[in-house]
Amino acid sequence: MPDQLTERLELIANPEHSHLLTGLQRGIEKESLRICNNGKLAQTPHPQALGSALTHPHITTDFSEALLEFITPVFSDIDESLECLDKVHRFTYPNLDGELLWTASMPCILEGDDNIPVAQYGSSNVATMKTAYRKGLGNRYGRLMQTISGIHYNFSLPDDLWASLQKQDYDKRSLQDYKTESYFKLIRNFRRFSWLLIYCYGASPAVCKSFLRGNSGHNLEELDNGTVYLPYGTALRMGDLGYQSNAQENLKICYNSIDNYIDTLRRAITNTHPDYEKIGIKVDGDYRQLSDALLQIENEFYSPIRPKRVTQSGETPIGALKERGVEYIEVRCIDVNPYLPLGIDADQIRFIDCFLLYCLFERSPLCDDDDRELINYNLKAVVNRGREPNLQLKARTGDRSLNDWANKLLDGVDKIAAQLDTAYGGDDYQRVCQQQREKIDDASLTPSAAILADMEKQQQPFFRFAMDLAEQHGNDFCSRPLTGEDLDYFLQKTELSKQQQAEIEAADTISFDKYLADYYRQYSDLT
């Protein structure tokens with residue numbers, strides 16, 4: 001009998017179904033720090049000219065008032081996604097009053113927690129909750145860690161393609177139940193193989209020394225007076241320096257089914273943690289955190305990939321998943337590429353699409369504790385030592401070289417790429433897969449290696465290297481300001497966002513204490 005991947009490939013090779021591949025849905029979220037022209041983190045509030053960070057559909061903030069997040073709508077066309085992201089940048093730059101956008105995942109010059117302002121969203125209950133959550137992150141992990149930037153890639157398949165896959169499986173459930181189970185299969189395989197994406201596209205091998213302020217427990221080496229790094233590192237953002245948590249190391253979130261996932265997350269959100277009890281929740285009238293549980297809310301769980309469903313106002317993410325199933329997945333392990341003005345380009349998106357379809361189409365066994373240990377080991381190994389010659393990873397069958405395993409995975413990904421090229425025409429997908437093979441054969445072709453090589457060639461510390469690129473990209477965006485209908489669109493969205501924030505604030509009728517209690521009551525109702 002043919003294996004599952006072969007069966008899937010036969011399905012999408014059929015002219016009746018191959019065109020459905022052109023309906024893949026994508027959305028991009030890109031984070032960038034606002035910085036002063038001296039390279040230090042901006043201390044200014046979120047620019048009024050960019051609208052309300054609470055309600056603007058394209059421009060918001062993440063942890064810090066200075067950490068912008070740009071959001072595209074969902075598109076089925078890659079170029080349209082990137083064009084939209086480009087327009088957001090071109091609208092933003094003229095409204096930064098001389099500030100720049102930092103162009104790397106690891107941050108600019110930092111001067112300690114007190115100089116990292118927490119994001120503010122207004123006076124409404126929902127805004128107060130967002131800020132209190134961020135205060136909790138700062139109190140739990142420190143604010144320095146929260147200044148790391150990344151790209152989140154949202155991905156889904158069109159319903160017609162899901163229906164064809166379901167028919168092939170002779171599955172009689174509702175389409176949504178089938179989609180939900182299938183997305184969890186994709187997630188399990190993604191977690192097994194995400195090290196390949198990190199090797200190929202990791203772009204954070206070094207960091208400014210100011211990021212380590214007060215942190216002596218790291219394993220980084222000194223590269224120059226202003227820089228620390230790992231010689232074979234790929235993505236420090238995804239390692240112990242990045243958005244990780246020691247308290248979460250024993251948190252065993254299960255991806256074997258949506259019910260397992262919801263239950264394990266719910267318990268992490270409702271069970272107190274002794275370290276966080278010491279912080280206190282509301283002290284002298286001020287919220288230090290939303291709760292003293294291991295997780296304040298779902299977003300605090302640090303994972304390279306998440307199942308997602310658009311939530312209704314005031315609804316919890318896992319409540320939305322339980323009620324309506326998985327709508328799309330969010331890939332969260334993508335570094336901002338400092339060489340690219342948008343941090344990502346069409347070729348990278350093409351490879352991510354191929355990789356995600358491979359994760360979906362390949363057989364995906366259920367995970368257990370042994371799998372979890374292997375996944376964590378391989379992720380850390382590639383983050384810290386990915387370009388090390390003859391690096392060995394761990395599989396169920398024993399040690400396996402990164403090169404051999406990567407090429408074996410790419411054999412499957414290549415077959416997906418060939419079908420995407422048939423659907424779209426041309427050879428772009430197969431070409432970008434071949435580029436990844438070349439990176440496997442020659443680690444100097446990876447972004448992480450290129451960054452270190454350029455720093456050495458130019459005799460620049462990490463800060464100066466990234467600052468030069470930030471200035472270069474800034475000049476490019478400033479030279480192409482939006483005009484005409486594009487400018488009118490963003491001006492309208494900006495004004496509308498301010499009106500919407502005011503309406504939300506005026507509509508509040510209960511205290512924040514009650515709002516928060518009502519919100520958390522939803523988790524109890526999930527049992």
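Buried means under 20% relative accessible area. Keep that cut-off at hand for this tour of a predicted model.

**Stop 1: strands S13 and S14**

Select strand S13, residues 392-395, and show its side chains. They alternate along the strand: Leu-393 and Ala-395 point to one face and are buried, whereas Gln-392 and Lys-394 point to the other face and are not. Now add strand S14, residues 398-401, which pairs with S13 in the antiparallel sense over four bridges. To check the register, pick Leu-393; its bridge partner in S14 is Arg-400. The connection between S13 and S14 is a hairpin of two residues.

**Stop 2: helices H6 and H12**

Select helix H6 (residues 175-201) together with helix H12 (residues 402-424). Their axes come within 11 Å and cross at roughly 100°. Because of that angle, H6 counts as roughly perpendicular to H12. Show side chains where the two helices meet: Phe-193, Trp-195, Leu-196 and Tyr-199 come from H6, and Leu-402, Trp-405, Ala-406, Leu-409 and Leu-410 come from H12. Colour this contact by residue class and you get nine nonpolar residues, no polar ones and no charged ones.

**Stop 3: the sheet S6-S8-S7**

Select strands S6 (206-208) and S7 (221-224), then strand S8 (residues 227-229). Together the three strands form an open sheet in the order S6-S8-S7, with antiparallel pairing. S6 and S7 stand at the edges and have a single partner strand each, so one side of each lacks a neighbour in the sheet. From one strand to the next, the twist averages 35°. Between S6 and S8 there are three bridges; for a reference point, find Ala-206, whose bridge partner in S8 is Tyr-229.

From here, go to Asp-224 and draw a line to Glu-456: their C-alpha atoms are separated by 9.8 Å, although the two residues are 232 residues apart along the chain. Glu-456 lies in helix H14, residues 447-458. Is Glu-456 buried or exposed? Its relative accessible area is 58%, so Glu-456 is exposed.

**Stop 4: Arg-140**

Select Arg-140 in helix H4, residues 125-141. This arginine has a relative accessible area of 11%, which means that Arg-140 is buried. What does its side chain reach? One polar contact, of 2.9 Å, is with the side chain of Gln-289. A polar atom of the Arg-140 side chain also lies 3.0 Å from the backbone oxygen of Leu-294. Widen the selection to contacts beyond four places in sequence, and Arg-140 touches residues including Tyr-276, Ile-279, Ser-291, Asp-292 and Glu-300. Leu-295 and Gln-296 are also among its contacts.

**Stop 5: strand S3 and its partners**

Finish at strand S3, residues 67-71. Four of its five residues are buried, so S3 is largely enclosed by the rest of the structure. Which strands pair with S3? Strand S1 (residues 25-35) runs antiparallel to S3 and is joined to it by five bridges. Select Glu-29 and look across to Ile-71, its bridge partner in S3. Strand S2 (residues 59-61) is also antiparallel to S3, with three bridges. There, Thr-60 stands opposite Glu-69 of S3. Follow the chain from S2 to S3 and you pass through a hairpin of five residues.

Technical notes: Residues numbered from 1 in each chain as written. Predicted model: local features only at pLDDT ≥ 70, side-chain atom pairs only at ≥ 80, totals over all residues. Heavy atoms only, no water. Axes fitted to C-alpha atoms, helices over the stretch in contact; angles between N-to-C directions. Parallel < 35°, antiparallel > 145°, perpendicular 65-115°, else oblique. Contact = heavy atoms within 4.5 Å. Nonpolar A, V, L, I, M, F, W, Y, C, P; charged D, E, K, R; others polar. Buried < 20%, exposed > 50% of the residue type's maximum accessible area, 1.4 Å probe, protein only. Pairing = 2+ DSSP bridges. Polar contact = N/O pair within 3.5 Å; in protein donor to acceptor, adjacent residues only side chain to side chain.
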